[in-house]
Amino acid sequence: YDVMWSPVHPALFACVDGMGRLDLWNLNNDTEVPTASAAVEGTSALNRVRWASTGREIAVGDSEGHVWVYDVSEQLAIPHSDEWARFARTLVEIRANRADAEEEN
């Protein structure tokens with residue numbers, strides 16, 4: 001299990017899990033469903049994820065030392081000019097939802 005924010009996109013992060021899955025999340029698009037997912041063939045569990053400095057490639061690895069490198073599409077990897085402002089609004093919404101949930105409990 002591992003997670004890492006994109007080095008170039010404010011709302012994009014990648015995570016890997018024990019089922020061999022790589023998920024890319026753009027929180028500006030959705031906070032409950034990943035924007036893109038891939039099942040990595042030939043492994044049951046992934047425990048490392050790292051972005052290239054350009055944000056256009058991502059490497060994932062398992063405990064056996066196998067590494068897979070994936071290209072990330074430009075439309076997903078490269079932020080639009082409004083992404084920082086959108087992400088600020090997304091964070092406000094997340095905090096408000098959390099506060100609402102805490103009040104209900």
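How many helices and how many strands does the secondary structure of the chain come to? I counted two helices and seven strands. I kept in mind that this is a predicted model.

**Entry 1: the order of elements**

I walked along the chain from the N terminus. The elements run β-β-β-β-β-β-β-α-α. The strands thus lead, and the helices follow.

**Entry 2: the whole chain**

I looked up the overall extent next. The C-alpha atoms fill a box of roughly 45 × 35 × 15 Å, taken along the principal axes. The accessible surface comes to about 6700 Å². Carbon and sulfur atoms hold 50% of that surface. I then checked burial. Of the 105 residues in the chain, 34% are buried. I also checked contacts between residues at least 6 apart in sequence. Of these, 42% join residues at least 24 apart.

**Entry 3: a sheet**

I turned to an open sheet of three strands. Its order is 5-6-7, and the pairing is antiparallel. Why does one side of strand 5 and of strand 7 lack a neighbour in the sheet? Strand 5 (48-51) and strand 7 (67-71) stand at the edges, and each has a single partner strand, so one side of each is left without a neighbour. I looked up the twist too. Neighbouring strands of this sheet are turned by 20 degrees against each other on average, direction ignored.

I then followed one pair of strands. Strand 5 and strand 6 (residues 57-61) run antiparallel and are joined by four bridges. For Arg 50, I found the bridge partner Ala 59 in strand 6.

**Entry 4: the nonpolar cores**

I looked for buried nonpolar residues. In soluble globular proteins, nonpolar side chains tend to be buried together. The largest nonpolar core here has 14 residues. Which residues have the most contacts inside it? They are Leu 22, Leu 24 and Ile 58.

I asked where the core residues come from. Strand 2 (12-16), strand 3 (21-26), strand 5, strand 6 and helix 1 (74-77) each supply at least two. Strand 2 gives the most, with three residues.

I picked Leu 24 for a closer look. I left aside its neighbours within four places in sequence. Its contacts include Leu 12, Phe 13 and Ala 14. Pro 34, Thr 35 and Ala 36 are also among them. Further on in sequence, Leu 24 touches Trp 51, Ile 58, Val 72 and Leu 76.

Last, I found a second, separate core of six residues. Among them are Ala 11, Phe 13, Trp 25 and Leu 27.

Conventions. Residues are numbered from 1 along each chain as its sequence is written. This is a predicted model: local features need pLDDT of at least 70, side-chain atom pairs count only at pLDDT 80 or more; totals for chains, interfaces and linings use all residues. Side-chain values use heavy atoms; hydrogens and water are left out. Two strands pair if DSSP finds at least two bridges between them. Axes are lines fitted to C-alpha atoms, for helices over the stretch in contact, and angles run from 0 to 180 degrees between N-to-C directions. A nonpolar core is a set of buried Ala, Val, Leu, Ile, Met, Phe, Trp, Tyr and Cys residues joined through side-chain atoms within 4.5 Å. Buried means under 20% relative accessible area, exposed over 50%, partly exposed in between (1.4 Å probe, protein chains only). Contact means heavy atoms within 4.5 Å. Accessible areas come from the Shrake-Rupley method with a 1.4 Å probe; for residues, only the protein chains shown count as cover.
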